[in-house]
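Here are some friendly notes for a colleague who is meeting this structure for the first time. Please keep the 3D view open while you read through the points.

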Amino acid sequence: MAVAQAQKKNLTFLWRRLHTLSGVIPVGLFLLEHLFTNSTVLRGPAAFNEAVDAIQTLPLLHFIEFVFIFLPITYHGVWGLYVAFVSGYNAGQYSFGRNIMFVLQRITGVITFVFIIFHLWTTRFSGNAPTFDMVHNLVSNPAYFWFMVVGVVAATYHFANGLWSFCIHWGITVGARAQRVTAWVTMIIFVVLAGVGVASLIAFTHAA
Amino acid sequence: MSVSNEAVATATRTVHLIIERQKDPSSAPYKQEFVVPYRPGMNVIACLMEIQRNPKDKDGNPVAPVTWEMNCLEEICGACTMVINGRPRQACSTLVDKLEQPITVRPMRTFPVVRDLVVDRSRMFDALKRVKAWVPIDGTYDLGPGPRMSARDQQTAYELSRCFTCGACVEACPNVNDKSSFIGPFAISQARLFNMHPTGAMNKEDRLEALMGEGGIQECGNAQNCVQVCPKGIPLTTSIAAMNRQVTYHALGAWLRK
């Protein structure tokens with residue numbers, strides 16, 4: 001019976017692998033692009049508006065948005081909720097660093113999921129033109145600003161720690177030393193990306 | 001003078017245990033406290049034996065003696081694995097002197113509990129069967145000597161072969177739970193052991209297919225508790241990553257060859 005079970009075609013492996021892959025390509029790449037575009041605000045509102053205009057003039061923008069952002073992020077998010085649901089949580093009993101980060105990966109994933117829905121609703125689907133003024137008006141509300149800070153920190157942690165996990169899932173980092181070094185590197189990536197994101201948010205609060 | 005004082009101190013020193021018990025597989029667990037006389041160098045098994053000799057709880061009420069499993073008493077068989085002070089470990093090699101008191105003892109609840117500290121670890125043996133953790137050499141005639149194995153591979157294989165299916169990694173793994181069918185870290189490591197054996201490698205695709213099946217390697221979430229609790233220090237997380245690599249190559253290769 002056990003043998004028959006093993007031989008039965010099982011697609012969970014494929015879904016899980018697609019989940020880790022989509023988290024990096026294209027969702028992770030989009031996060032990097034998004035943080036980069038937002039950081040142009042550090043050079044002033046005009047620079048940000050210019051960067052947004054450059055994206056707005058891309059050919060087939062709706063197609064790119066749908067196929068390379070909307071579909072993969074929806075898949076990653078919905079399957080990710082399932083992963084978070086079927087995971088066990090025992091960091092209370094086993095408070096090893098990695099186990100705590102395992103729990104945080106799932107918590108930040110759920111936070112990011114909720115954050116992205118609200119974020120899209122108030123920006124992309126708000127009916128307002130994507131300009132500095134629109135974002136400035138939003139983050140002038142302290143509650144919204146702090147909500148954005150939490151979202152940015154959660155998303156960048158989830159991405160950086162997810163990279164560490166991705167490297168193991170795909171068999172890239174095999175040895176304990178390789179995994180330890182990658183853990184440090186990805187945490188530096190987290191700090192840098194979170195720093196860039198929060199700095200941009202602060203810049204958006206300054207009047208034009 | 002000092003000798004008699006020491007003798008008195010030893011005689012009056014006690015060990016306080018809080019044991020989570022269960023009458024049968026379907027009944028509710030309950031806690032019972034015991035106080036047993038201390039002996040130098042005693043392990044948790046010695047405490048359980050003391051309770052068996054004199055089955056009375058802390059207040060002196062007679063109770064059914066605590067049931068547990070044991071065989072080798074030298075951390076080689078894995079039968080006496082239980083959760084002691086929050087960590088899955090072997091009761092034989094867990095010394096009272098190194099534990100904080102009261103000592104809490106409970107069964108590994110990731111497995112079905114048979115009675116008290118006795119659990120049914122059949123799922124581990126099913127998992128080993130699933131990943132074909134053996135080298136098939138049976139034939140109708142003498143097949144002759146197999147291929148040689150490098151000394152370096154022997155070293156790695158020796159490390160992996162020290163697994164005694166005690167269940168500590170399965171107990172500590174958050175992804176082995178009611179909602180998942182994950183076979184557990186040890187089985188992945190055993191698949192690696194037999195895939196690196198020159199004769200075992202002749203069946204490596206079968207093991208990789210099994211690892212990609214239901215409850216396979218994809219259910220690992222990299223919490224890495226397994227490597228922390230393994231009493232033999234087996235590099236389980238390295239095994240998992242190494243098998244992830246094999247499975248990735250196998251899956252992509254198989255798909256491109258079809």
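1. Let's begin with one small detail: which residue of β4(B) stands opposite Met82(B)? The residue is Arg89(B). Please keep in mind throughout that this is a predicted model.

2. The pair Met82(B) and Arg89(B) belongs to a hairpin worth a visit. The strands β3(B) and β4(B) pair in the antiparallel sense, and 4 bridges hold the pairing. Another bridge partner in β4(B) is Pro88(B), which is matched with Val83(B). Between the two strands of this hairpin there are 2 residues, and Asn85(B) takes a positive phi near 45 degrees.

3. Now step back to the sheet around the hairpin. It is an open sheet of 5 strands from chain B, with mixed pairing and the order β2-β1-β5-β3-β4. The edges are taken by β2 (30-37) and β4 of chain B; each has a single partner strand, so one side of each is left without a neighbour in the sheet. On average, neighbouring strands here are turned by 35 degrees against each other, direction ignored.

4. Mixed pairing is easy to see if you follow β1(B). As background, strands of a sheet pair through backbone hydrogen bonds, either parallel or antiparallel. With β2(B), β1(B) runs antiparallel, and 8 bridges join the two. In that pairing Thr14(B) stands opposite Pro37(B) in β2(B). With β5(B), by contrast, β1(B) pairs in the parallel sense over 3 bridges. There, Ile19(B) has Val105(B) of β5(B) as its bridge partner.

5. While you are on β1(B), look at where its side chains go. In a regular strand the side chains alternate between the two faces of the sheet. Along β1(B), Val15(B), Leu17(B), Ile19(B) and Arg21(B) point to one face and are buried. The other face receives Thr14(B), His16(B), Ile18(B) and Glu20(B), which are not buried. You may like to notice that Arg21(B) is in the buried set, while Ile18(B) is in the set that is not buried.

6. A helix also meets this sheet. Helix α2 (residues 44-53) of chain B lies across β1 (14-21), β2, β3 and β5 (103-106) of chain B. Relative to β2(B), this helix runs at about 95 degrees.

7. How is chain B divided by its domain assignment? Domain 1 covers 8-119, and domain 2 covers 122-257. Their centres, taken over C-alpha atoms, are separated by 32 Å. At the contact between them, 13 residues of domain 1 of chain B meet 12 residues of domain 2 of chain B. On the domain 1 side, β3 (81-84) and β4 (87-90) of chain B each supply at least two residues, and β4(B) gives the most, with 4 residues. By class, that side divides into 6 nonpolar, 4 polar and 3 charged residues.

8. Further along chain B, two helices make a nice crossing. Helix α7 (residues 204-211) and helix α9 (residues 236-257) of chain B pack at an angle of about 100 degrees, with their axes 10 Å apart. The helices α7(B) and α9(B) are therefore roughly perpendicular to each other. From α7(B) the contact uses Glu205(B), Leu208(B) and Leu211(B), while α9(B) contributes Met243(B), Gln246(B), Val247(B) and His250(B). By class, this contact has 4 nonpolar, 2 polar and 1 charged residues.

9. Some overall figures for chain B help to place these details. The chain has 9 helices and 7 strands, and its C-alpha trace spans about 80 × 40 × 40 Å along its principal axes. Of the 258 residues in chain B, 42% are buried. Among contacts in chain B with a separation of 6 or more, 64% are between residues 24 or more positions apart.

10. Finally, turn to where the two chains meet. In this contact, 30 residues of chain A touch 31 residues of chain B. Several helices of chain A each supply at least two residues to its side, including α1 (2-7), α5 (61-86) and α9 (176-205). The helix of chain A that gives the most is α2(A), with 4 residues. By class, the chain A side has 13 nonpolar, 14 polar and 3 charged residues.

11. One last residue to find is Leu14(A), which is in helix α2 of chain A. Is Leu14(A) buried or exposed? Leu14(A) is partly exposed, with 14 other C-beta atoms within 10 Å. From Leu14(A) to His76(A) the C-alpha to C-alpha distance is 13 Å, and the two are 62 residues apart in sequence.

Definitions and conventions. Residues numbered from 1 in each chain as written. Chains lettered and ligands numbered in written order. Predicted model: local features only at pLDDT ≥ 70, side-chain atom pairs only at ≥ 80, totals over all residues. Axes fitted to C-alpha atoms, helices over the stretch in contact; angles between N-to-C directions. Parallel < 35°, antiparallel > 145°, perpendicular 65-115°, else oblique. Contact = placed C-beta atoms within 7 Å. Nonpolar A, V, L, I, M, F, W, Y, C, P; charged D, E, K, R; others polar. Domains from an automatic or database assignment. Pairing = 2+ DSSP bridges. Buried ≥ 20, exposed ≤ 12 C-beta atoms within 10 Å, placed from the backbone.
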